[in-house]
Amino acid sequence: MKQVIKSKFSNIFYIFIATFLIFFIILSGLEINFSKHIIPLLFCPVSLFSQTSQLEFITLESKANGIVVQLKMDTIPDINNITAWQANSGWFYITLYQVTGDSSALMPRKIPSDITDFQIIENDESLQLGIRLIKTIENHEFSSLEDENSIVASLHYSTEYLAQLDTVKKMNLR
């Protein structure tokens, strides 16, 4: 089952803080040049959103030891802005902070049979990929392919599961 979830968050908190600062400055009697100090403050969100990357394409590939997720981007985001975790519910989540994308256009055309469900969750400041798997992910790592503007997420199954694979058992017999 393919699923797209969109969540909408407003910038009410930012507007509240900016308004509070403006009133504080006015009430405190400080001499402030409005065009020099206040207008740039009001446009801070614009500069923050201009630093986002655009996710253009998602590829999912099943391997014996896990799943490979390739994320084609317009620009490579800071690798520190990418996190992931395995939830107790069987879902594995990848969060891409300061990344945007059109969730309806990003749904992979091919989803491996090891993945029982896939979802894209859009937030104001991030894009999150939810992957429901038959087997749990024990380890993961991210690498960037600068020449291809891609991030590769290698999701590794548990060592307990890998020890049960026929190919591993045959290797241990030799």
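Student: Buried means under 20% relative accessible area, exposed over 50%, and partly exposed is in between, with a 1.4 Å probe and protein chains only. So is S126 buried or exposed?

Tutor: S126 is buried, because its relative accessible area is 11%. Keep in mind that this is a predicted model, where local features need pLDDT of at least 70, side-chain atom pairs count only at pLDDT 80 or more, and totals for chains, interfaces and linings use all residues. Residues are numbered from 1 along each chain as its sequence is written, and side-chain values use heavy atoms, with hydrogens and water left out.

Student: Where does S126 sit, and what is it in contact with?

Tutor: S126 lies in strand β8. Strands here are DSSP runs of E with at least two residues, helices are runs of H or I with at least four, and both are numbered from the N terminus. Contact means heavy atoms within 4.5 Å. Leaving aside neighbours within four places in sequence, S126 contacts T95, L96, Y97, Q98, V99 and I121.

Student: V99 is in β6, right? What does it stand opposite?

Tutor: V99 in β6 stands opposite S53. Strands β2 (residues 53–63) and β6 (residues 99–100) pair in the parallel sense over 2 bridges. Two strands pair if DSSP finds at least two bridges between them.

Student: And what about β2 and β3?

Tutor: Those two are antiparallel, with 8 bridges. They form a hairpin with 2 residues between them. L55 stands opposite M73 in β3.

Student: What is the strand order in the sheet?

Tutor: The order is β6-β2-β3-β10-β9, an open sheet of 5 strands with mixed pairing. β6 and β9 are at the edges with a single partner strand each, so one side of each has no neighbour in the sheet. β9 and β10 run antiparallel over 8 bridges. There, L145 has S150 in β10 as its bridge partner.

Student: Switching to the core. How many residues are in the largest nonpolar one?

Tutor: It has 28 residues. A nonpolar core is a set of buried Ala, Val, Leu, Ile, Met, Phe, Trp, Tyr and Cys residues joined through side-chain atoms within 4.5 Å. L55, I58, V69, L71 and I94 have the most contacts inside it. The elements giving two or more residues to this core include β2, β3, β5 (91–97) and β10 (150–157).

Student: What does V69 touch?

Tutor: Not counting residues up to four places away in sequence, V69 touches I58, T59, L60, I94, I131, I151, V152, A153 and L155.

Student: How many aromatic pairs are there?

Tutor: The whole structure has 2. W91 and Y93 have ring centres 6.1 Å apart and planes at 15°, so they are stacked. The rule takes rings of Phe, Tyr and Trp (its six-membered ring) with centres within 6.5 Å; planes under 30 degrees apart are stacked, over 60 edge-to-face, the rest tilted. Both W91 and Y93 are buried. W85 joins them in one aromatic cluster.

Student: And how many salt bridges?

Tutor: The count is 2. A salt bridge needs a side-chain nitrogen of Lys or Arg within 4 Å of a carboxyl oxygen of Asp or Glu. K63 pairs with E61, closest N and O atoms 2.9 Å apart. K63 is partly exposed at 37% relative accessible area, and E61 is partly exposed at 38%.

Student: Which residues make the other one?

Tutor: K135 and D114, with the closest N and O atoms 3.5 Å apart. The pair links distant parts of the chain, 21 residues apart: K135 is in the loop between β8 and β9, D114 in the loop between α4 and β7. Both K135 and D114 are buried.
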